[in-house]
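Please look over the sequence and the model shown here before reading on. The briefing below takes up charge pairs, surface patches, overall make-up and a few single residues.

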Amino acid sequence: MSERKVLNKYYPPDFDPSKIPKLKLPKDRQYVVRLMAPFNMRCKTCGEYIYKGKKFNARKETVQNELYMGLPIFRFYIKCTRCLAEITFKTDPENTDYAMEHGATRNFQAEKLLEEEEKKIQQEREEEELNNPMKVLENRTRDSKMEMEVLENLQELKDLNQRQARVDFEGMLDKYKEMEQRQRERELEEDERETKEMLDRALIKRLRDSDSEEETENANEGRKHTADKPTDILTTDGNAGSQSSSSAVVKKQKLESWERSVGGLGGKGALGSLVVRKKPQAADTQKGAGAKPASSTASASASNGQPVSSQSGSSLSLLGAYTDSDDSNSD
């Protein structure tokens, strides 16, 4: 078994290459090649878009009787991906591009059309200058004006660049940093001021709440003090007595309040039975004998639980009489 990758092949001694028959192939024969679409195109038959870079199995042939500076021009045959219509294009070595030939239209060739238009204008101008010398003079004056305008614009750009070159970028950066610092300080001051205002508002609100609480407490205490009590006249200040017209009215009010709180001793209560008139001590027996029935009657009335009949005054008068009798006895 021979080797597959042989570099030195065997030639017999009687080998004559001139005796090898040559294969005669037609000049317009076609080759199958794999290529990509060189530009965007649209099929004329179905309107299908074929984008640049799409791969095809194309047939390649050499164009007969068409050369550019000795370079052959090749034609390619492809088929539409939708309707299978045949599309042909060929090489364009003059413009280093491809030229659409049949079956489709080329898209997005505005730049190419612009270049062709410029070339056409340039050719027409050259033809006019060859036949008309005045046209040459006009074109030269127009070109000189355009050059002057271009030079002026260039000078303006240079001046502008010089102005920008004189700018102190370090100073600009420092100013910008200072502005940022001032802005930060201003923001901090505003934040502090707002915080202080909020604290002041909270403090004022707290003081108002405390004042309102104190007022409510004072009002409640005032209500408690202003409540009616039976002994308020005895415990309060003596302004009411000074403002009255007479002292008798004051005594009467005190007496009425005392009777309301304690009760009248001259009535039918239990305190009236507790008060007993003391027997007066006399020198003679007659007076003692005359006082005996009175005392006996008083004791009898006290034992029966009834007040003394001769007691026409109030209970306070009886107490006063009782105390007066004690004072006389002590003397």
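**Salt bridges and surface features of a predicted model**

The side chains of D143 and R125 meet in a salt bridge at 2.9 Å, N to O, where a salt bridge is a side-chain nitrogen of Lys or Arg within 4 Å of a carboxyl oxygen of Asp or Glu. The pair links distant parts of the chain, since D143 belongs to helix α2 (residues 133-166) and R125 to helix α1 (residues 110-131), 18 residues apart; helices (H or I, at least four residues) and strands (E, at least two) are DSSP runs, numbered from the N terminus. This is a predicted model, in which local features need pLDDT of at least 70 and side-chain atom pairs count only at pLDDT 80 or more, whereas totals for chains, interfaces and linings use all residues. Residues are numbered from 1 along each chain as its sequence is written, and side-chain values use heavy atoms, with hydrogens and water left out.

**Overall make-up**

- The protein contains 9 helices and 8 strands.
- Of its 331 residues, 13% count as buried, where buried means under 20% relative accessible area, exposed over 50%, and partly exposed in between (1.4 Å probe, protein chains only).
- The accessible surface of the protein comes to about 28,200 Å², of which 53% belongs to carbon and sulfur atoms; accessible areas come from the Shrake-Rupley method with a 1.4 Å probe, and for residues only the protein chains shown count as cover.
- Among contacts (heavy atoms within 4.5 Å) between residues at least 6 apart in sequence, 42% join residues at least 24 apart.

**Salt bridges**

- The structure holds 11 salt bridges, and the pair between the two helices described above has both of its partners partly exposed, D143 with a relative accessible area of 29% and R125 with 27%.
- R75 and E101 also meet through their side chains in a salt bridge, at 2.8 Å from N to O. This pair, too, links distant parts of the chain, with R75 in strand β5 (residues 71-79) and E101 in strand β7 (residues 97-102), 26 residues apart.
- R75 counts as buried at 16% relative accessibility, whereas E101 is partly exposed at 35%.
- R75 and E101 are joined by E61 in a network of salt bridges.
- R201 and E197 form a salt bridge at 3.7 Å, N to O, and both lie in helix α3 (residues 169-225), 4 residues apart, which is about one turn of the helix.
- Within this helical pair, R201 is exposed, with a relative accessible area of 53%, while E197 counts as partly exposed at 37%.

**Surface patches**

- A patch of negative charge on the surface gathers E111, E115, E116, E117, E118, E124, E126, E127 and E128. Patches are made of residues with over 30% relative accessible area and no salt bridge, with like charges joined within 9 Å and nonpolar side chains (Val, Leu, Ile, Met, Phe, Trp, Tyr) within 5 Å.
- For the charges, Lys and Arg count as positive and Asp and Glu as negative, while His and the chain ends are not counted; the place of a charge is taken as NZ of Lys, CZ of Arg, CG of Asp or CD of Glu.
- One member of the negative patch, E117, has its place in helix α1 and is partly exposed, with a relative accessible area of 43%.
- M148, L151, L154 and L157 make a nonpolar surface patch of about 400 Å². Of these residues, L154 is found in helix α2 and counts as partly exposed at 41% relative accessibility.

**Single residues in and around the strands**

- T91 is found in strand β6 (residues 86-92) and counts as buried at 17% relative accessibility.
- Leaving aside residues up to four places away in sequence, T91 touches I73, F74, F76, D97 and Y98.
- N65, whose place is in strand β4 (residues 55-68), has a phi near 60 degrees, a positive value in a residue other than glycine. N65 is exposed, with a relative accessible area of 84%.
- L84 lies in the loop between β5 and β6, and its phi is likewise near 60 degrees, a positive value in a residue other than glycine. L84 is exposed, with a relative accessible area of 59%.
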